[in-house]
Amino acid sequence: MLVWIRCLLMGLLIIMPYVDSLSQGKRKSKKEYFYDKKTIEKYKYTSAHHVQDMDLPRIETKKAKNIILLIGDGMGSSQIYAGMVANKGKLYLEYFPSVGFIKTHSANDLITDSAAGATAFATGNKTNNGMIGVTPDNQPMVTILEMAEEKGLSTGLVATSTITHATPACFISHEFSRHYYEQIAADFVRNGIDVFIGGGRSHFSNRLDRLNLLDILKENNYTLIDTLIDLDVIHGDKIAGLLWYNSPPSIMDGRGDMLPLASTKAINVLSKNSNGFFLMVEGSQIDWGNHQNNILYQTEEMLDFDKVIGRILEFAATDRETLVIVTSDHETGGLAISGGNIKKGIVHADYTTNGHTADLIPVFAYGPSAELFQGIFDNTEIFHKMIKAFDWDGSEQ
Ligand code: MG
Ligand code: ZN
């Protein structure tokens with residue numbers, strides 16, 4: 001009898017883990033939840049927002065006077081859908097009439113980094129990972145921002161990273177490595193850019209070469225702004241907004257409405273130019289949240305980015321001469337939405353990597369020539385399509 005009981009117990013012990021995994025129907029993996037009670041108590045702030053009804057007018061004209069390029073770093077379709085579910089089913093992104101996909105590989109790898117990704121958008125050419133606005137053999141390539149300056153348009157860069165970080169840097173700088181932050185800061189001072197807002201004041205003021213670039217910016221008629229509060233109240237025709245000494249904090253750590261405020265500020269300044277403007281706005285930290293495989297971090301950043309998209313669409317709907325493009329350099333984390341609840345705004349996440357992936361990336365467009373951004377094409381085409389929309393290739397004449 002005892003032997004039988006012992007055998008039965010042994011058998012149960014052996015079989016139990018399998019019963020457990022069968023009942024779950026899948027492998028055990030790390031899951032996190034968005035908006036549970038504990039999370040709400042801990043952070044007391046969320047970028048979740050009410051998406052207002054929008055009736056975007058159809059724009060029939062082909063030529064764009066202004067282009068606003070929004071880059072959600074690390075934002076693949078799972079990142080977008082996580083935001084959509086967390087926001088209880090709706091994002092401003094859904095209003096875009098034109099949707100396409102880009103292939104994001106860099107010159108030397110199927111999986112791009114942000115430097116090669118943004119170089120493709122800014123110059124129309126692929127380069128090696130880590131390189132800023134240069135060819136794989138380190139020759140500088142002219143960027144769309146520099147072309148805009150040359151043609152008398154106003155230009156701006158806004159980011160939730162240091163302004164010297166890879167994505168914004170590729171539009172204004174030409175360096176062998178994304179890590180040459182101090183050289184990149186010097187490139188900002190050399191260029192005629194009208195508005196730049198982000199973090200990274202240290203790269204301008206605490207440098208190995210002992211130069212204080214902030215003084216040079218002042219001599220060049222920039223209004224320096226170094227706090228978020230001042231961003232609202234201080235005005236000028238050229239703005240150097242270095243709001244944090246190093247990186248801006250995440251939404252969860254108190255960045256607040258910096259990105260919506262900075263984007264609105266940039267548009268207010270840039271739109272005074274009757275020749276038009278080019279503005280790049282980056283939701284930089286979507287990437288960082290996914291590198292950490294932190295679904296809460298990523299989703300708060302995603303929702304913050306969508307708020308900005310809402311404001312910019314509102315501007316474009318009234319202006320009717322502005323092409324708005326939203327895309328990403330690459331996906332980060334290999335994120336999969338493995339469950340959740342759209343009514344409660346809960347997202348279950350699984351990640352496959354701490355790095356980037358090679359996924360196809362969505363592109364959204366609204367405004368003059370928005371239809372150019374339908375279909376599947378290379379990330380370098382973003383540049384060429386912007387040139388066409390500005391009619392700088394003369395194709396509309
Ligand atoms: Mg970036
Ligand atoms: Zn990254």
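**Reading the sheet and core of a predicted model**

Visitor: What makes Leu69, Leu70, Val363, Ala365, Phe373 and Ile382 contacts of Ile325?

Guide: In this predicted model, each of them is in contact with Ile325, leaving aside its neighbours within four places in sequence. The C-beta atoms in each pair therefore lie within 7 Å.

Visitor: Which residues have the most contacts inside the largest nonpolar core?

Guide: Those are Val324, Ile325 and Ala365, in a core of 104 residues. Helix α13 (residues 295-319) gives the most to this core, with 11 residues.

Visitor: How do you know that Ile325 counts as buried?

Guide: Ile325 belongs to the core, and a nonpolar core is a set of buried residues, so 20 or more other C-beta atoms must lie within 10 Å of its own. In the protein chain, 50% of the 397 residues count as buried.

Visitor: Why are β5 and β14 said to stand at the edges of the sheet?

Guide: The open sheet has 10 strands, in the order β5-β6-β4-β3-β7-β1-β8-β13-β2-β14, with mixed pairing. β5 (223-225) and β14 (375-378) each have a single partner strand, so one side of each is left without a neighbour in the sheet. On average, neighbouring strands are turned by 15° against each other, direction ignored.

Visitor: How do you know that β1 and β7 are paired?

Guide: Pairing takes at least two bridges, and 6 join β1 (residues 66-72) to β7 (residues 277-283), which run parallel. In β7, Val281 is the bridge partner of Leu70. Helix α11 (residues 258-270) packs on the sheet, touching β7 among others, and its direction makes about 170° with that of β3.

Methods
Residues numbered from 1 in each chain as written. Chains lettered and ligands numbered in written order. Predicted model: local features only at pLDDT ≥ 70, side-chain atom pairs only at ≥ 80, totals over all residues. Helix = DSSP H or I, 4+ residues; strand = E, 2+ residues; numbered from the N terminus. Axes fitted to C-alpha atoms, helices over the stretch in contact; angles between N-to-C directions. Contact = placed C-beta atoms within 7 Å. Core = buried A, V, L, I, M, F, W, Y, C linked by C-beta atoms within 7 Å. Buried ≥ 20, exposed ≤ 12 C-beta atoms within 10 Å, placed from the backbone.
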